[in-house]
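Got your viewer open? Load the model below, pick a cartoon view, and we'll walk through it one selection at a time.

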Amino acid sequence: MKFTEEHEWLRVEGDHVVVGITEHAATQLGDVVFVELPEAGGEVAKDDEVVVIESVKAASDILAPLDGEIVEVNETLTDSPDLVNSDPLGEAWFFKMKVADLSALDGMMDADAYKDFIGA
């Protein structure tokens, strides 16, 4: 897994990158009550706003961590946004992307660097 400074995690599965938010981010948000997902098939550029999360504390945007195409979204989150709190690193992934250059992941944090980043 790789991690961004925006508290997203990325996991490579074949030629796709799965994107979600970290446990730290889910805790900071509080109880998630709504998730608005992008449409599959759309092209996104790094830092485009692609997901909106609403919690009892705040609303937050999830940014595209890389340039690519959204190939699949996790529709389960539409009916069960609470998965973001209960399983942020597993079942609560937001979308899968096809990216042109997987080497863009090389500059991202690994788990140890992310722990240092959040002071854990």
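**Stop one: the middle of the sheet**

Start by selecting residues 68-73, which are strand β8, together with β9: the two pair in the antiparallel sense over 4 bridges. Strands here are DSSP runs of E, at least two residues long, and helices are runs of H or I of at least four residues, both numbered from the N terminus. Two strands count as paired if DSSP finds at least two bridges between them. Before going on, note that this is a predicted model: local features need pLDDT of at least 70, side-chain atom pairs count only at pLDDT 80 or more, and totals for chains, interfaces and linings use all residues. Numbering starts from 1 along each chain as its sequence is written, and side-chain values use heavy atoms, with hydrogens and water left out.

Now show side chains for two of the pairs across these strands. Val73 has Phe95 in β9 as its bridge partner, and Glu69 has Lys98 in β9.

**Stop two: the other neighbour of β9**

Add residues 16-21, strand β3, and highlight 95-98, strand β9; this pair is antiparallel too, with 4 bridges. Click on His16 and look across to β9, where Lys98 stands opposite.

Next, select Lys96, which is in strand β9. Is Lys96 buried or exposed? Lys96 is buried, because its relative accessible area is 16% and the cut-off for buried is under 20% (exposed is over 50%, partly exposed lies in between; 1.4 Å probe, protein chains only). Leaving aside residues up to four places away in sequence, Lys96 touches Glu13, Val17, Val18, Glu69, Ile70, Val71 and Glu72. A contact means heavy atoms within 4.5 Å.

**Stop three: two hairpins**

Move to strand β2, residues 8-13, which is joined to β1 by 2 bridges and runs antiparallel to it. Phe3 stands opposite Trp9 in β2. The hairpin of β1 and β2 has 4 residues between the strands, and His7 in the turn has a positive phi of about 70 degrees.

Carry on along the chain: β2 and β3 are antiparallel and share 6 bridges. Glu13 has His16 in β3 as its bridge partner. This hairpin has 2 residues between its strands, and Gly14 takes a positive phi near 65 degrees.

**Stop four: the whole sheet**

Colour the strands one by one. What is the order of the open sheet of 6 strands? The order is β1-β2-β3-β9-β8-β5, with antiparallel pairing. At the edges stand β1 (2-3) and β5 (43-44), each with a single partner strand, so one side of each is left without a neighbour in the sheet.

**Stop five: helix α4**

Select residues 111-118, helix α4, and find Asp112 in it. Asp112 is exposed, with a relative accessible area of 55%. Draw a C-alpha to C-alpha distance from Asp112 to Glu5: they are 107 residues apart in sequence and 13 Å apart in space.

**Last stop: zoom out**

Show everything, and you should find 4 helices and 9 strands. From start to end they follow β-β-β-α-β-β-β-β-β-α-α-β-α. The C-alpha trace spans about 35 × 35 × 20 Å along its principal axes. Colour by burial, and 40% of the 120 residues count as buried. As for contacts with a separation of 6 or more, 61% involve residues 24 or more positions apart.
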